[in-house]
Amino acid sequence: MKTKSSDEAIYFCGFERAYNIEFKNGTLLKFQEISRLVEVVQTSLPGQIYPGDSVALQCTVLAETRTKDLRIFWISTALGGELQPGLIYPHNNSSKKCEASSQKSCTHELRMSGVRLHDAGMHYCAVSACGQIALGNGTMVTIG
């Protein structure tokens, strides 16, 4: 059975004994918005970027749960090149320490090698948790 936000309530287990119904302690089922569980922070790139340069876009995830339980994606508005506009890229080159960690904060990188003019655009880090997606503030890649 798949739960939904309208299922939020306190649930009690009850049983009948000699024409009486007895209830034990209840269990609270509560939904939280992902914005309360996860914060996604992206940093801007230092200095000018030129064609052929390599850059690493950084995304720091702060969570109330272990960061290894979250899925990281990148969404790009670039015009082409290594990343296609609007497509969602699963983050598969994160450091092993993030994947194996029980910590609640971790920094992920999207490495771009040999950038070209059409790699310019906004690049968003996205975190998937609890059936929702939280977006970072984005990192603008400007090629000079």
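Trainee: Among contacts in the chain between residues at least 6 apart in sequence, what share joins residues at least 24 apart?

Mentor: That share is 61%. Keep in mind as we go that this is a predicted model.

Trainee: What does the secondary structure of the chain come to?

Mentor: You'll find two helices and 12 strands. Going along the sequence, they follow the pattern β-β-β-β-α-β-β-β-β-α-β-β-β-β. Of the chain's 144 residues, 31% count as buried. The accessible surface is about 9400 Å², and 53% of that belongs to carbon and sulfur atoms.

Trainee: Okay, what makes Glu-109 and Arg-111 a salt bridge?

Mentor: Check the distance against the cut-off. The closest N and O atoms of Glu-109 and Arg-111 are 2.8 Å apart. The limit is 4 Å between a side-chain nitrogen of Lys or Arg and a carboxyl oxygen of Asp or Glu, so the pair qualifies. By this rule the count comes to one salt bridge.

Trainee: How do you know whether Arg-111 is buried or exposed?

Mentor: Arg-111 has 53% relative accessibility. Exposed means over 50%, so Arg-111 counts as exposed.

Trainee: Which residues make the nonpolar surface patch?

Mentor: Ile-10, Phe-12, Ile-21 and Phe-23 make it, and the patch covers about 470 Å². Take Ile-21, which lies in strand S3, residues 20-23. A residue needs over 30% relative accessible area to join a patch. Ile-21 has 58%, so it passes that test, and it also counts as exposed.

Trainee: Why is that worth a second look?

Mentor: In soluble globular proteins, nonpolar side chains tend to be buried together. Here, Ile-21 is nonpolar by the patch rule, yet it is exposed.

Trainee: Why do strands S2 and S3 count as paired?

Mentor: Two strands pair if there are at least two bridges between them. Strand S2 (residues 14-17) is joined to S3 by four bridges, so they count as paired, and they run antiparallel. Look for Arg-17, which stands opposite Asn-20 in S3. S2 and S3 form a hairpin with two residues between them, and Ala-18 in the turn has a positive phi of about 50°.

Trainee: Why is strand S10 called mostly covered?

Mentor: Count the buried residues. S10 runs over residues 121-129, and seven of its nine residues are buried. Buried means under 20% relative accessible area.

Trainee: Which strand do six bridges join to S10?

Mentor: That's strand S7 (residues 71-76), and the two run antiparallel. In that pair, Ile-72 stands opposite Val-127. S10 also pairs with strand S11 (residues 132-135) over four bridges, again in the antiparallel sense. There, Val-127 stands opposite Ala-134. Then comes strand S12 (residues 139-141), antiparallel to S10 over three bridges. Gly-121 stands opposite Val-141 in S12. Against a minimum of two bridges, S7, S11 and S12 each count as partners of S10, so you can trace three pairings from this strand.

Trainee: Which residues have the most contacts inside the largest nonpolar core?

Mentor: Val-38 and Leu-57 do, in a core of 22 residues. S5 (38-42), S6 (55-63), S7, S9 (105-112) and S10 each supply at least two residues of this core. S6 gives the most, with five residues.

Trainee: What does Val-38 touch, not counting residues up to four places away in sequence?

Mentor: Val-38 touches Val-61, Leu-62, Ala-63, Leu-70, Val-127 and Ala-129. You met Val-127 before, opposite Ile-72.

Trainee: How far apart are Ser-54 and Gly-114, in sequence and in space?

Mentor: They're 60 residues apart in sequence and 5.3 Å apart in space, C-alpha to C-alpha. Ser-54 touches Gly-114, along with Met-112 and Ser-113. Ser-54 sits in the loop between S5 and S6. With a relative accessible area of 54%, Ser-54 is above the 50% mark, so it is exposed.

Trainee: Why is Thr-77 called partly exposed?

Mentor: Its relative accessible area is 41%, which falls between the 20% and 50% limits, so Thr-77 is partly exposed. You'll find Thr-77 in the loop between S7 and strand S8 (88-90). Thr-77 and Val-141 are 64 residues apart in sequence and 10.0 Å apart in space, C-alpha to C-alpha.

Key
Residues are numbered from 1 along each chain as its sequence is written. This is a predicted model: local features need pLDDT of at least 70, side-chain atom pairs count only at pLDDT 80 or more; totals for chains, interfaces and linings use all residues. Side-chain values use heavy atoms; hydrogens and water are left out. Buried means under 20% relative accessible area, exposed over 50%, partly exposed in between (1.4 Å probe, protein chains only). Patches are made of residues with over 30% relative accessible area and no salt bridge: like charges are joined within 9 Å, nonpolar side chains (Val, Leu, Ile, Met, Phe, Trp, Tyr) within 5 Å. Accessible areas come from the Shrake-Rupley method with a 1.4 Å probe; for residues, only the protein chains shown count as cover. A nonpolar core is a set of buried Ala, Val, Leu, Ile, Met, Phe, Trp, Tyr and Cys residues joined through side-chain atoms within 4.5 Å. Contact means heavy atoms within 4.5 Å.
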